[in-house]
Amino acid sequence: MAPSILRASEAQPQDPSAGRRLSTLVRHLLPSSPRRTSAAEAETSAPTTLESSPTMASQVSSVFAGIAQAPEDPILGVTVAYNKDPNPAKINLGVGAYRTEEGKPLVLNVVRRAEQLLINDPSRVKEYLPIVGLAEFNKLSAKLIFGADSPAIKENRVVTVQCLSGTGSLRVGGEFLARHYHERTICIPATTWGNHPKVFGLAGLTVRSYRYYDPATRGLDFKGLVEDLSSAPVGSIVLLHACAHNPTGVDPTIDQWEQIRQLMRSKSMLPFFDSAYQGFASGSLDKDAESVRMFVADGGELLMAQSYAKNMGLYGERVGALSVVCGSADVAVRVESQLKLVIRPMYSSPPLHGPSIVATILKDSEMYNEWTVELKAMADRIISMRQQLFDALKSRGTPGDWSHILKQIGMFTFTGLSSEQVAFMRQEYHIYMTSDGRISMAGLSTKTVPILADAIHAAVTQLK
């Protein structure tokens, strides 16, 4: 007969103290406590065998049981719905990220080169950065947006801190203003990036809107903008999209920017620029920074949030910067000290890898030039998609004036489609976009433009 395999309890002498400990453990784990045993019983009895049993945690209602299911983010939720769609011909125009002609994510060649240089450098370590981030990155970021010859930089009136992309820069700036600025009202465009009101509201500011987009013309409501800023409280903070307004793609002209600047300075308003698309809109880094530099040139103060997600394709690296242009170098030093107090309990210090990539590219003239070439290629492809979509709608005789597709600029186009038409296109053509009709031009290709044009034509003609 085959030898039997003894259990561990049978093969080894029993430790009485171990039995007591196991009995105590059983009483705590099992739903109902067994009868108490005497010390003598505990010492002489065999150890209790643990049986499979529901844990106490599963029998008690969760302290979070009353929490409601949160809705999907209106922008990120588009991708969630897209991913669930099994149709192989589906098209995602909701994502705010550049795609190649083949519909693939793009890592710039110059970014890969910069990363390789960093990897091959044996002197690099993974130590914490200071609270304000990588000093070289901060200096180069200020130079990129304000210009190499900026008087504010030369006079040491600019303080720049590295933040977690554009969103983090806005949040740090918002909390700083809530603590230290005398007017806690921030005016934002009535049509703006969906995260703006949430970021500033949670930072402690009172959010107020001003008219911006005109649905009738699918352009700028400049008259409404001026009227609303004129009636806003003196000293209000005003959020301005530096270029390629998200989601409308509608920007003021240079003359309109000058009128906005004069109005704001006359009311002692504080500009807070959000720059997510420098170089990505027109293909020119300097042209896309013109509005910002106008405000810096007058010697006034402002805040600037920068992101390298779009123009360097560093979406997942979360690389951004917050700059504050101050009235004097002395004030800038004190502002930096207070920004540190905002950042320290929020995330302590920022990441190292992303800003190192940016600094490597910006400080090397050859790599910088390579970046500008790749950047312009991305911008030009988006501009080409605009022209192709406009031509496709025109050739189909699609009702309406679609010239706004060409007039708008940057990654997004505000099509003017209704939420019903958007739902129709999702159901019938498996084309995904936000319910307000915003589409990412970077998500289009020569192959998908005709499909989108067919869908828009059907939606407009069937659902008026």
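I take contact to mean heavy atoms within 4.5 Å, and I keep in mind throughout that this is a predicted model.

**Confidence.** I looked up the pLDDT before anything else: its mean over the chain is 89, and 87% of the residues reach 70 or more. Residues 1–13 stay under 50, and for them the model has 2 contacts beyond four places in sequence. I also noted residues 32–48, where the pLDDT is below 50 and where the model has 13 contacts beyond near neighbours in sequence.

**Helix α5.** Which residues of α5, spanning residues 76–84, are buried? I found Gly77, Val78 and Tyr82. Because these residues cover an arc of only 145° around the axis, they sit on the same side of α5. In general, an α-helix has 3.6 residues a turn, so residues three or four places apart point the same way. Turning to the face of α5 directed away from the buried side, I recorded Leu76, Asn83 and Lys84 as its exposed residues. I then asked what the buried residues of α5 pack against, and the partners are β1 (91–92), α18 (419–429) and β12 (431–432).

**Arginine 261.** I located arginine 261 in helix α12, which runs over residues 254–266. Is arginine 261 buried or exposed? Its relative accessible area is 15%, and since buried means under 20%, I class arginine 261 as buried. Leaving aside neighbours within four places in sequence, I listed Met294, Phe295 and Asp298 as the residues in contact with arginine 261. For methionine 294, which is 33 residues from arginine 261 along the chain, I noted a separation of 7.9 Å between the two C-alpha atoms.

Key
Residues are numbered from 1 along each chain as its sequence is written. This is a predicted model: local features need pLDDT of at least 70, side-chain atom pairs count only at pLDDT 80 or more; totals for chains, interfaces and linings use all residues. Side-chain values use heavy atoms; hydrogens and water are left out. Buried means under 20% relative accessible area, exposed over 50%, partly exposed in between (1.4 Å probe, protein chains only). Helices (H or I, at least four residues) and strands (E, at least two) are DSSP runs, numbered from the N terminus. The arc is that of the directions from the helix axis to the C-beta atoms. pLDDT is the predictor's confidence in each residue, from 0 to 100.
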